[in-house]
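This report looks at two topics, a pocket and a set of charged side chains. Please keep the sequence and the structure in view while reading.

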Amino acid sequence: MKFEFTTIKSRLIFWFLLVALVPLFVATLVISLERSQVIKETIFHKLIAIRDLKVEMLNNWIDEQISDTLILSKVAQINGASKILIQKNHSAQEGLIIESAANFLIHYRNQYKSYEEIYVVNPDTKKIEISTNPLWLGMDESLNPAFTTPITSGHIHIRDIYYSPKSKHPTMSFSIPIFSTGDQRKIIGILVAHINLENSLYDLLLDRTGMGKTGETLIINKAGMALNELRWYPGAPLKLKIDAKPAQMAAQGKTGITEADDYRKEAVLAAFTHIPRTQWGFVAKQDLKEVYAPVKEMLWHIFVIVLISSLAVYVVALFLSRNIASPLMEIREVAKKILSGDLLARNKIQTRDELGFLADTFNKMAASTASHIHIQESMVKINTFMVTLKTLDDFFSKLPPVLLEETSAGMAAFFILSRDGKTYEKRSTLGVNPDLLIHLDAGANKGEIGLAGASKKITRIRDIPESTLFKFKTFTGDILPKEIIVVPILVKNRVKALLTMASLNLYSKEALKIIHMIWPSINTAYSNLIASEKTARLAEEMGLKNIELEQQSTEMEAQATQLKCASEELKHQNTALEQQQKQLKNADRLKSEFLSNMSHELRTPLNSVMALSRVLIMQAKKKLSREEVNYLEIIEKNGKHLLSLINDILDLSKIEAGKMDVTPKPFSLNNLVETIVESLTPLAKEKGIKINHNIDHTLKTIESDELRVHQIIQNIVGNGVKFTSKGNVAIDLSHDETNAYIRVRDTGVGISQKDLPYIFEEFRQIDGSSSRKFEGTGLGLTIAYKAAQILRGDIDLTSQLNQGSEFTVRLPILWEGYIPSEPASIGFVKDNTPLRKKTILVVDDDPGIRDMISEFLTNMGYQTLTAASGKQALDLARAHNPMAMTIDIIMPEMDGWELISRLKNDPRTSQIPVIVVSITNDRETGFALGSMGHIAKPVDKDKLIAKIRKLDTRTRLNVLIADDNEMR
């Protein structure tokens, strides 16, 4: 519901209160918030200081117990007695030594009240042989962690607070091996010290200095059980499980301060932290009621001050509103009269301040409104009359009387421009002797008529000369008018007529406004009447031409019928052509998909053949003859050739299908060219030719797809080496402001002029016969050309037969297209536990499988890395050296067999264990290539975890997940 004020008095009171009280409330709120924040921060810092101090004291207490236990284990009496105990038999004298050791421990316990009991366990019999409590002698300690842990580890052991069946209350123990003085590696006993918590740890925690009436400190173990006495819960140790948020966060290894409910469900402010050595969570807390008590008291005082200030402001606002509202009420009454139609009502101006100015303004507004109404009525009357005018004669004869009546003028005359445009001719008059009016020169710039015609504006003349044509005839003689107004009548911004009006008195403001406002309407009416006369003449002429047009229309209809028939025929032909075009596009798409799928299906078994042939070559060299080894090398060589052919077909099909991925990034073109030259140099040496390259050192990097650029230059340089029998292949790098240029010249067979236009077409070869000298499919240059266009570049070629060829590759230095964001390659599971330090890398082209395996491994406490392709997996394996890898076999571009082969041939990754996770059952190939296991899809979680756990015994710390699918 909208709130409205009924009186100015209530409005003024409201705004006075608002203006006065809002800053007061804002200032109060700011001060309150700042003060509250200061108090809270003080309490925060106090609790943090208490927490840190107590934790430091706890750590010092633990250090003291460790130090005391270590000293006791090295005391000569204890060490000598322990040596005797491990002997099967001992003499009476040795029995006295044992008794002396027991007395020493009893004296030590009595001297230091923090110890409850101290005893020594025989490592052979696992029984207590020396004790401060005789009742404990002979007890079996074989299952007691205080004995089993130090005997196994050889180090001191701190057993967390637990309920002791021996002492019948919570206790804590420190145990340490006693080593022989002659052989520091031989354990001759275990010294165990039970702590009296009441006289040591609990006294330290029950000191609540600086924590008010409700503050306390507490410690909990990993299970969330309270370990010390609490202010609000008697007998809490090992009996009260604390689920409060601060305690749980402290037990989880976190440090901080928070507001939450404690074990009583009471709101508290708690500072918490973690003690790693004992895995305790420590909490220092205080009730929020006590913390915020000073804030509440401060807010109450501020409330009283604001209330008193508000009452004072209200009284002042009431007084001021009365003084201002009275004159305004009088102005309102006058406004009501004006609103009801009494435009003669006026305000009495009594003051010269803003209220007086407002009253005077109301009076002027009333007068202005009355004048405006009169002007509007006159405008409506004149415009309505002009609508009734049908001819120019009516315009010149009937319009002047209406204008004189509304403007209080005494005479009027119309002049129109002659056909030759040289003079203004008299057309009609009213109140003027027509015999006195003569034709006026249109080129003259003087006189009342000349000024208006030249300026194209309404002209007012007050200093009227005696020679004027406009004079009033009376019985007393001629009288000069006081003011003459000349109105130019414009048609297309040219003066076509003049209207002159004269008055015995000066024109009023209302009359002048009427003349200026009606001027555009007079121009429009005059233009319309002229246009109407022209239209009438044209209509007569058009009637004659209509007959001719009807005859022409008949002829056009016959021609239109013929055109319609021809259009229908063309439409049918276009429909047939569109159908054929769709069929061609569909066939081309199916061809590309078929090539892509077939290349993918052929490459997996081919990689297996190549991998196994390489394994046979390496493992069977000594078992096979040289000729048989050559057969295996021929198999491997032909497999590589076939794999290269399949990869070319796959690249071409991707380009044609529009699925070629582009991943632009900055890289060094110089380094890339040197890499290509290095890889092709052995082939060039076999042919007896050289590869020369000229590096452009001013070109640091370009931004493009490094893999595609490598493929383009590799294909072109490889082509040059392939078709050059003698001479050399030269590579030159250069650049301008926007592009980099790679020129590859060879002295090979060259290309004839008739074959040049077709050299970049797929499967096109100069010699396509079965007896051709050079092998190949003719796809290399096609892929290079189309890849260059995808990268916003181009390839130019000049060649002469038997003289060599020159290819020029142009690539933009800066990538101008869309740059996709780099996919996230690594997904670590963050945790502070030691088990989480081991990481696992998964390789699979199915994002669902990849996420499932990652989840299995994460739940078992491992970290995971993920890769979407074989190439990405290689990069991550080299960078992170994982503990193990799980690899799928059937993947595009680089399948699992090729990935495993590259991993095992690289010294940096050869020792990484590999587990094959694939739908294929070709276990033998995997084991031959060096995999450590095989798991069939769908993945069995238990089998996968079992395989990983076997590998977990190794000393590695990282494990990696790879998949060629970009979605993850």
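Which residues lie nearest the centre of the second largest pocket, and how many residues line this pocket?

## The second largest pocket

In this predicted model, the second largest pocket is lined by 19 residues, and those nearest its centre are Arg-419, Lys-496, Tyr-526, Ile-530 and Lys-534. Its volume comes to about 710 Å³. Sorted by character, the lining residues comprise 9 charged, 8 nonpolar and 2 polar ones.

Several elements contribute to this lining, with at least two residues each from the helices α10 (392–407) and α12 (509–619) and from the strands β10 (411–417), β11 (423–430) and β17 (494–503). The largest share belongs to α12, which supplies 7 residues of the lining of the second largest pocket.

## A network of salt bridges

Across the whole structure, a search finds 20 salt bridges. Some of the side chains concerned are joined in a network, whose members are Glu-216, Asp-262, Arg-264, Lys-285 and Asp-287. Within this network, Asp-262 takes part in a salt bridge with Arg-264, with an N to O distance of 2.8 Å, and in a salt bridge with Lys-285, with an N to O distance of 3.1 Å. The second of these pairs ties together parts that are 23 residues apart in sequence, because Lys-285 lies in strand β9 (residues 280–287) while Asp-262 lies in the loop between β7 (256–261) and β8 (267–275).

Arg-264 also forms a salt bridge with Asp-287, and here the closest N and O atoms are 2.5 Å apart. This pair likewise links distant parts of the chain, since Asp-287 is in strand β9 and Arg-264 is in the loop between β7 and β8, 23 residues apart.

## Burial of the paired side chains

Which of these charged residues are buried, and which is partly exposed? Asp-262 has a relative accessible area of 6% and is therefore buried, given that buried means under 20%. Asp-287, also at 6% relative accessibility, counts as buried for that reason. Arg-264, by contrast, has a relative accessible area of 27% and is therefore partly exposed, a value that falls between the limits of 20% and 50%.

For the pair formed by Lys-285 and Asp-262, both residues are buried. In the pair formed by Asp-287 and Arg-264, Asp-287 is buried, whereas Arg-264 is partly exposed.

Key. Residues numbered from 1 in each chain as written. Predicted model: local features only at pLDDT ≥ 70, side-chain atom pairs only at ≥ 80, totals over all residues. Heavy atoms only, no water. Salt bridge = Lys/Arg side-chain N within 4 Å of Asp/Glu carboxyl O. Buried < 20%, exposed > 50% of the residue type's maximum accessible area, 1.4 Å probe, protein only. Helix = DSSP H or I, 4+ residues; strand = E, 2+ residues; numbered from the N terminus. 1 Å grid on protein atoms, 1.4 Å probe; cavity = no way out; pocket = protein on both sides within 12 Å on 5 of 7 lines; lining within 4 Å. Points joined across faces, edges and corners; volume = space filled by probe spheres on them. Nonpolar A, V, L, I, M, F, W, Y, C, P; charged D, E, K, R; others polar.
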